[in-house]
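Q: I am new to this structure and would like a close look at a single part of it. Please pick one part, and show me how the rest fits around it.

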Amino acid sequence: MSTTPTTPATPTPPTSPTTPTPPATPTPPATPTPPTSPAVPAGACCRDCAVAGARTLDTEPAARRLQVRRPEDAVGVVAPLLAQRDREHCALLALDRKHRRLALLIVSVGTADHTFMRPREIYRDALLAGASAVVVAHNHPSGDCTPSADDRQVTRRIAEGGELLGVELLDHLVVGDAHQWTSLARLGVC
């Protein structure tokens with residue numbers, strides 16, 4: 001009988017369950033084409049994206065930010081966000097001491113004929129943005145930009161709240177569609 005020498009088996013190193021396989025790098029999605037519609041602000045691919053992006057602070061240098069000198073300046077900013085909506089939206093344009101844009105915020109979304117515009121919510125967002133002055137705006141889905149009695153009353157309450165906090169309410173705009181709007185400041189309400 002002949003015997004062949006055997007080699008001892010080499011043990012294989014144990015695999016570690018704590019060493020995960022690196023994840024595959026996903027391919028970035030295609031960049032959307034910039035909008036051509038005047039109702040969509042630059043940098044947004046649609047009106048809904050514009051509204052979602054509206055909750056951000058303006059990061060441009062102060063010298064390049066929009067300065068609100070008259071209601072038309074503010075309407076140019078808020079009307080694209082508010083016009084032709086099926087529900088009322090309340091927007092806040094927060095401004096610095098020189099009435100330059102700090103932020104544009106959607107404060108509330110309501111129903112077809114009402115949205116909540118309480119001074120508490122408006123000035124909470126204004127103070128967080130560091131605002132010295134504000135312009136409040138809301139839309140009328142019917143397209144009629146005539147202020148209601150409730151619009152006038154809430155404007156007075158917002159102005160009173162701003163006086164207590166040292167944040168001036170410059171105007172309350174009612175937007176009917178992109179080309180029709182009313183300034184309650186020009187009507188002498190605020």
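A: A small definition will help us first: the angle between two elements runs from 0 to 180 degrees and is taken between their N-to-C directions, each axis being a line fitted to C-alpha atoms. With that in hand, α4 lies across β3 and β4, and α4 runs at about 155 degrees to β4. Please keep in mind that this is a predicted model.

Our close look is at helix α3, which spans residues 119–128. Its buried residues are Pro119, Ile122, Tyr123, Asp125 and Ala126. They all sit on the same side of α3, because the arc they cover around the axis is only 160 degrees. A general point about helices fits here: an α-helix has 3.6 residues a turn, so residues three or four places apart point the same way. Turn to the other side of α3 and you will find Arg120 and Leu128 exposed. Just past the end of α3, Gly130 has a positive phi of about 80 degrees.

What lies over the buried residues? The cover includes the strands β1 (89–95), β2 (101–109), β3 (133–139) and β4 (168–177), together with α4 (149–165). So that you can place these strands, here is the sheet. It is an open sheet of five strands in the order β2-β1-β3-β4-β5, and the pairing is mixed. At the edges are β2 and β5 (180–183), each of which pairs on one side only. From one strand to the next, the twist averages 20 degrees. Towards the β5 edge, β4 and β5 pair in the antiparallel sense over four bridges, and Leu173 stands opposite Ser183 in β5.

Away from the helix, you may wonder about the cysteines. The structure holds zero disulfides. Cys145 counts as buried because its relative accessibility is 13%, under the 20% cut-off. Cys190, with a relative accessible area of 31%, is partly exposed.

Finally, a word on confidence. The average pLDDT of the chain is 81, and 68% of the residues score at least 70. Over residues 31–44, the pLDDT is below 50, and this stretch has 13 contacts in the model beyond near neighbours in sequence. Where pLDDT is low, the predicted coordinates should not be read in detail.

How values were computed. Residues numbered from 1 in each chain as written. Predicted model: local features only at pLDDT ≥ 70, side-chain atom pairs only at ≥ 80, totals over all residues. Heavy atoms only, no water. Buried < 20%, exposed > 50% of the residue type's maximum accessible area, 1.4 Å probe, protein only. Helix = DSSP H or I, 4+ residues; strand = E, 2+ residues; numbered from the N terminus. Arc of directions from axis to C-beta. Contact = heavy atoms within 4.5 Å. pLDDT = per-residue confidence, 0-100. Disulfide = S-S within 2.5 Å. Pairing = 2+ DSSP bridges.
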